[in-house]
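Hi,

Here is the structure I promised to pass along. Have a look first, and my notes on what turned up are underneath.

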Amino acid sequence: MLLYLVAALALGDPTGRLPLRAPESVGMAAERLEIIDRIVHEGIRAGGYPGAAVVVGRQGAAVWRKGFGTLGWGIGSSAVTADSTIYDLASLTKVVATTTAAMILHDEGRLPLDSKVVDYLPGFVGKWKDEVTIRHLLTHRSGLPAGRELWRVARTPEQNRQAVIETKLRFRPGRSFIYSDLGADVLGWVVESIAGQPLDAFVRERVFEPLGMTNTYFLPPDSVHDRVAPTDRSARRGFVVGAQVHDENAYVLGGVAGHAGLFGTADDLAVFAQMMLNGGMYGETRIVSEATVRLFTQRSAGSRALGWEMAEGRHGAGEYLSPTAYGHIGFTGTSLWIDPQRNMFVILLTNRVHAARVKRPATVISDIRADVSDAAALAVTDEELRISVMPASFRADRALNWNKPFRSRRSRRARTVKRPTASTVKTSAKKAAAKPKSATAANRTKGAASATKPTTTTVKPKAASARSSAVKPKAPSARPKATTAKQASSASKSTAGKAIPKASTTKKPTTSSKR
């Protein structure tokens, strides 16, 4: 029995999971990895998500594999586990499925990076579209917009596909960056055109099954629905979305799309991440060549590799991953970061879109992602990679703006001081002309009003400015002249934005309205 356990730790268990090893055996500090538990629990306590799964791996083994909380907020909801809880991976689909499929076809010489999209999709025509290459799609520089509300323009997956292919470019390819779901969809259809089979079937046969990723798929079967973490309540679908893809565009495309639609467990993603760290190989199974892995995961344009994003302290990468680290995040609350220099990966899966009980769940998950990545990097104890000084606190400890209420544009406009317009100036001029008031009477009225209000503090009057002291007020004439609209308008414009000195030297303390 003991020999079997030793072999299981060395080779992994029959399910294909990574072997679990003590942090110290792979150069990591357990006490620093424990910070991850506190960070994830802070997000649950704040109401950012009901549960989460985390796997941190290094040197070919999982060193921190845990589930936190439950699938949903209900009392009877099942506990999350890293090996069995299935999450909607959202935009991790772009790299785990679509980009990996492109890597395989490129490896086989069937998908040159600078080949034109129109060569594979003849309907992809229009202004500048004949210039769009596979590389443009992978780096989000194709000129395609970020997305479209496809459910408003078509009724069937085929019609929605045609709507995407016919979408006009926003700019000439290669000129600028727009993170585009549509570009990933087009890339998925290019893969289908070359492979001669649907995207989900291709990645199942060429990636997931060879790696033993038995809990990763598009369109989860009925047999696993009770293990799928729920996401949002869809107004269009009329129920809480569980085993259906959360993304509405992926849903109307039939549940299989290049930008979203993939479901999986943290343990399955750990196997995938280890394959990438191994240069395209896991165990005795090679998915892609080492050269192709290097090509697709090095910086290509801006902050992007080919399909992947470089870790630059944004989007949950934290501050301590190496310059060669790459990864991706998903809208539902997922992230995957791979650090070749540390031979380490960090996986966080949540369903933060499920009935969040905090005002800003997007802020919560952004902080939690970054903290988990930082805690993992800080736990490495290798001499050349060790970070000796720990931060005084993590983002989850500070919880900045997690519950800051949103202000609508209307409320912000209401709080803004209105500037006089031409119409208001004319109205004021007419009133002034109809009811003239002498300066003495105005000062008497203001003085009487201020006298009736009690004051608690007397503020010393400020020294008069040179301008105000030099100009003496004129005595009011016995017969005030009527003010014309033109005169009132010019007077209003000349005094707009200027302070008017008060007659009295004592005033109540005021509080600034600027927040």
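**Strand β12 and its surroundings**

Keep in mind that this is a predicted model. I started with strand β12 (residues 334-339), which is mostly covered: 6 of its 6 residues are buried. Thr334, Leu336 and Ile338 point one way from β12, while Ser335, Trp337 and Asp339 point the other way. In a regular strand, side chains alternate between the two faces of the sheet.

β12 has a partner strand before it and another after it in the numbering. With β11 (residues 326-330) it runs antiparallel, joined by 5 bridges, and Gly327 stands opposite Trp337. The hairpin these two strands form has 3 residues between them, and Gly333 in that turn has a positive phi of about 115 degrees. With β13 (residues 344-350), the pairing is again antiparallel, over 6 bridges, and Ile338 has Phe345 as its bridge partner. Here the hairpin has 4 residues between the strands, with Asn343 in the turn at a positive phi of about 55 degrees.

**Aromatics**

Searching the whole structure gave 2 aromatic pairs. Phe272 and Trp308 are stacked, 6.5 Å centre to centre with 20 degrees between the planes. Phe272 is in helix α9 and Trp308 in the loop between α10 and β10, so this pair ties together parts 36 residues apart in sequence. Trp308 also pairs edge-to-face with Tyr326, at 5.1 Å and 80 degrees. Tyr326 sits in strand β11, 18 residues away from Trp308. Together, Phe272, Trp308 and Tyr326 form one aromatic cluster.

One last thing: the charged end of Arg352 sits over the ring of Phe331, 4.5 Å from its centre.

Cheers

How values were computed: Residues are numbered from 1 along each chain as its sequence is written. This is a predicted model: local features need pLDDT of at least 70, side-chain atom pairs count only at pLDDT 80 or more; totals for chains, interfaces and linings use all residues. Side-chain values use heavy atoms; hydrogens and water are left out. Buried means under 20% relative accessible area, exposed over 50%, partly exposed in between (1.4 Å probe, protein chains only). Two strands pair if DSSP finds at least two bridges between them. Rings of Phe, Tyr and Trp (its six-membered ring) pair if their centres lie within 6.5 Å; planes under 30 degrees apart count as stacked, over 60 as edge-to-face and the rest as tilted. A charge sits over a ring if NZ of Lys or CZ of Arg is within 6 Å of the ring centre and within 35 degrees of the ring normal.
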